Amino acid sequence: MRFLTLFLMLITSAAALGKPLVFVSVLPQKAIVQALAGDALQVEAMVGKGFNPATYQPSPRQIARLSRASLYIRAGVPFEQSWLPRFRSTNPSMIVLDMRHGLDLLEDHEHGQESDPHIWTDPLLVKAHARILAGELARHFPALEGTLEHNYRKLASRLDALNTELETRLAPLRGHAFLVYHPAWSYFAHRYGLHQMAVEAHGKEPNSRSLTELIHQARKAGIHTIITQPQHSVATAKVLARELNAKLVPIDPLSEDIFTSLRHLTQVLTGETP
């Protein structure tokens, strides 16, 4: 039995070695690439489950793996700023794509820059990205063109259905506010006409004055739920929860299962019974 297990592992490893290796920054990207390419590409995410892409430090093993990667697809998350030049020097022939390319992005008007990189919280933006990405992957891996086109149509249909579903469920809440610790749901809020209030801003905790104002605004909006995420401390959120008599609900915007995380958030906001 032990020999059989080892044999199967060796076969699996050998098969994987024959596939082009594609790296992405975060898990939602991995899900999108795999939905398009199926098992024709070996896809690895740099930032694993539970890790924070603002502070992530790639492991030596990941750096070594990058040396044989064909593509790297960046997401615009903070760790890329310091690490992408090192990734390029590790593998100068590796092609770097940007998942934000060609998309209608939200801007942080206060700071004159793009803000929230979590574009996968909007199903229609995911669809637009998938259309562009399928073309890019077909250009680099021509043998996959038919597979990519077929799988794109399947993914697009699922995303359209998800958008219609969420639009219907959230319609009664249009114009309402919801409170999060980290502002990771900007594109979701924009798509469905909601207002995202955030405890943290640009990686910084609020000062006492800002916190007092936030409590006032949350009370005015009748908020009794605070959305947290596993990559961030909940200490300040707990303080707010006591002041607002609110409950903390963890939802991971970096989950590999985009469909489930968006439905979960919708369920929490609408107060629907699971």
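Student: What volume does the second largest pocket have?
Tutor: We're in a predicted model, where local features need pLDDT of at least 70, side-chain atom pairs count only at pLDDT 80 or more, and totals for chains, interfaces and linings use all residues. Numbering runs from 1 along each chain as its sequence is written, and side-chain values use heavy atoms, without hydrogens or water. A pocket is an open set of points on a 1 Å grid over the protein atoms alone, where a 1.4 Å probe fits and protein lies on both sides within 12 Å along at least five of seven lines. Taking volume as the space filled by probe spheres set on the points, the second largest pocket has about 300 Å³.

Student: Which element gives the largest share of its lining?
Tutor: There are 14 lining residues (an atom within 4 Å of a point), split into 10 nonpolar, 4 polar and no charged. Strand 7 (177-180), strand 9 (225-228) and helix 10 (258-270) each give two or more; strands are DSSP E runs of at least two residues, helices H or I runs of at least four. The largest share, 3 residues, comes from strand 7.

Student: And which helix gives the most to the lining of the largest pocket?
Tutor: That pocket holds about 1,500 Å³, and among its 47 lining residues Asp116 and His202 are two of the closest to the centre. Helix 4 (79-90) and helix 7 are among the elements supplying at least two residues. The top contributor, with 5 residues, is helix 8.

Student: Is Ser186 buried or exposed?
Tutor: Ser186 sits in helix 7 (residues 186-191). Its relative accessible area is 17%, and under 20% is the cut-off, so Ser186 is buried.

How values were computed
Buried < 20%, exposed > 50% of the residue type's maximum accessible area, 1.4 Å probe, protein only. Nonpolar A, V, L, I, M, F, W, Y, C, P; charged D, E, K, R; others polar.
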